[in-house]
Amino acid sequence: MRRKIIDTGPGEQLDQPLPEAVRQRVVETAADVVGTLRADEVPAPLRRVARFEPRRRARLAAMPIAAQLEKDDEFRERVAESVRESQPELAAALESGTVPAAADPVNVAALAYLIRPPGWPERVETARRDLERSALAADEAETIRKVAELHEQIAAAKATRSEEIDKLRTELRASRAENAELRKKLHESRTRAKREHSRAEELDRQAGEERTAATAALAAAEAEMRRLRARLSQAEATAENTRRAAREGRNLDDTRLRVLLDALTDAAKGLREEVGLPTGITRPADNVGAVTPARPGHRTLPGRALADSDPALLDQLLMLPQVHLIIDGYNVTKTGYGDLPLSDQRSRLISGVGVLHAQTKAEVTVVFDGAELDAPVAVQAPRGVRVLFSVPGQTADDLIGQLVRAEPTGRAVVVISSDQEVCDSARRADARPAPAALLLRRLSRT
């Protein structure tokens, strides 16, 4: 079957690639020539490596150089011209067809490929056959050498095997003697093991009897303990009944005494009202004529005259004795920091009013709407701060109203909310409303 022909230009051509050794020689020769060419003479694909050292150029640009030689006849002619100058005798012999028999076939094929005299493909093929014969001869010589080494190794192995067989026979005799000794020791060990096993069985039987006796004793002790515990429980119950009877007797006496005392107190109070006795000692200043002011009610709380936006309002209200500060939680947090999640809003407000309570000692109750929660939440409130959530069906506004109405008349109650309905409800219950902005401003100063 005819191989694929590689076209090398007009004229003669190769029927297969160059042998590897010939290709390397051609590339090295061309790499040397590239370094001697002017910049405009160097083919464009090789200009990048033209400044490299020849060996490095041949190593890194082998493929581009071979391709350029194959397709660029002008570049190949320049390389051939350099070869003619460096090896004139061999080049002349190639062109005349009289190549010396002792010439290197690789060098002859490389020059033939570059110069391309008549019949140059046959020169390349001749070099290929010479190289293949050389390779076969080298492989044959290597095979002969390896066969000789194997014969030597076999002879050495035979000698070593004989020595090892003698050594193994000696070791086998020693092993047999050692095996006989071990069998004797094994028999003795088995005899001792049987004796120890019989003794262990006897000890196990005795231990079983002792465990049975101990179990019986433990059961008897537990039964006795249960009986004693029952007696102790009975005695404790009797003592508790005795103490309860004594307490009931004392409580009955105390109740009777309290009833008698209340009866005497009510009788004395009724007698005083009936007779019209004065409630206290009259003092000289009581006899001076003047207009007595009315007792301050819840509507006269300090700060009534201040505007809701006055920063001093909340400070004056917090100075009232026993003031109760009721805060509409979400109304304040959504006014001050509504971009935070609800949990963070609650935590920030509760933390701030905790500091406020520590400064003013005012009673503080923070009310949140429970309808906005998916489930009950755990809240860690500071000391002095009460946190409440409205129950299902109830709003935070309703819970604030209940807290205000639960306070006794006369106590100062301040409701913090910007919800107008909450503020109006607080005013109707005599509480003082204040906007959420005042509390936020006050908390920013804590």
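## A helix over a parallel sheet, and two nonpolar cores

Helix 12 (residues 420–428) lies across strand 1, strand 4 and strand 5. Relative to strand 5, helix 12 runs at about 160°. The model is predicted.

The strands just named belong to an open sheet of 5 strands, in which the order is 3-2-1-4-5 and the pairing is parallel. Strand 3 (385–389) and strand 5 (432–434) stand at the edges with a single partner strand each, so one side of each has no neighbour in the sheet. From one strand to the next, the twist averages 20°.

Which strand pairs with strand 1 (residues 324–328) over 4 bridges? The partner is strand 4 (residues 413–416), and the two pair in the parallel sense. Within this pair, I327 has I416 of strand 4 as its bridge partner.

Another part of the model is helix 1, which covers residues 20–34 and has 15 residues. From its first C-alpha to its last, helix 1 reaches 21 Å, close to the 21 Å expected at 1.5 Å a residue. The buried residues of helix 1 include V22, V26, V27 and A30. Also buried in helix 1 are A31, V33 and V34.

Helix 1 is one of the helices that each supply at least two residues to the largest nonpolar core. That core has 39 residues, and the members that touch the most other members are I65, L69, F75, Y113 and L114. Further helices that supply at least two residues each are listed below.

| Helix | Residues |
|---|---|
| Helix 3 | 62–71 |
| Helix 4 | 73–86 |
| Helix 5 | 88–96 |
| Helix 6 | 105–115 |
| Helix 7 | 120–275 |

Helix 6 gives the most to this core, with 9 residues. L114 shows how the contacts spread along the chain. Leaving aside neighbours within four places in sequence, L114 is in contact with V26, T29 and L69, and also with R76, V79, A80 and V83. V26, one of these contacts, is among the buried residues of helix 1.

Apart from the largest core lies another core, of 29 residues. Among its members are V323, L356, V366 and F368.

How confident is the predictor in the chain, by mean pLDDT? The mean is 80, and 82% of the residues reach 70 or more. Over residues 1–9, pLDDT stays under 50, and the model has 20 contacts there beyond four places in sequence. Residues 289–300 also have pLDDT below 50, with 11 contacts in the model beyond near neighbours in sequence.

Definitions and conventions
Residues numbered from 1 in each chain as written. Predicted model: local features only at pLDDT ≥ 70, side-chain atom pairs only at ≥ 80, totals over all residues. Heavy atoms only, no water. Expected span 1.5 Å × (residues − 1). Buried < 20%, exposed > 50% of the residue type's maximum accessible area, 1.4 Å probe, protein only. Pairing = 2+ DSSP bridges. Axes fitted to C-alpha atoms, helices over the stretch in contact; angles between N-to-C directions. Contact = heavy atoms within 4.5 Å. pLDDT = per-residue confidence, 0-100. Core = buried A, V, L, I, M, F, W, Y, C linked by side-chain atoms within 4.5 Å.
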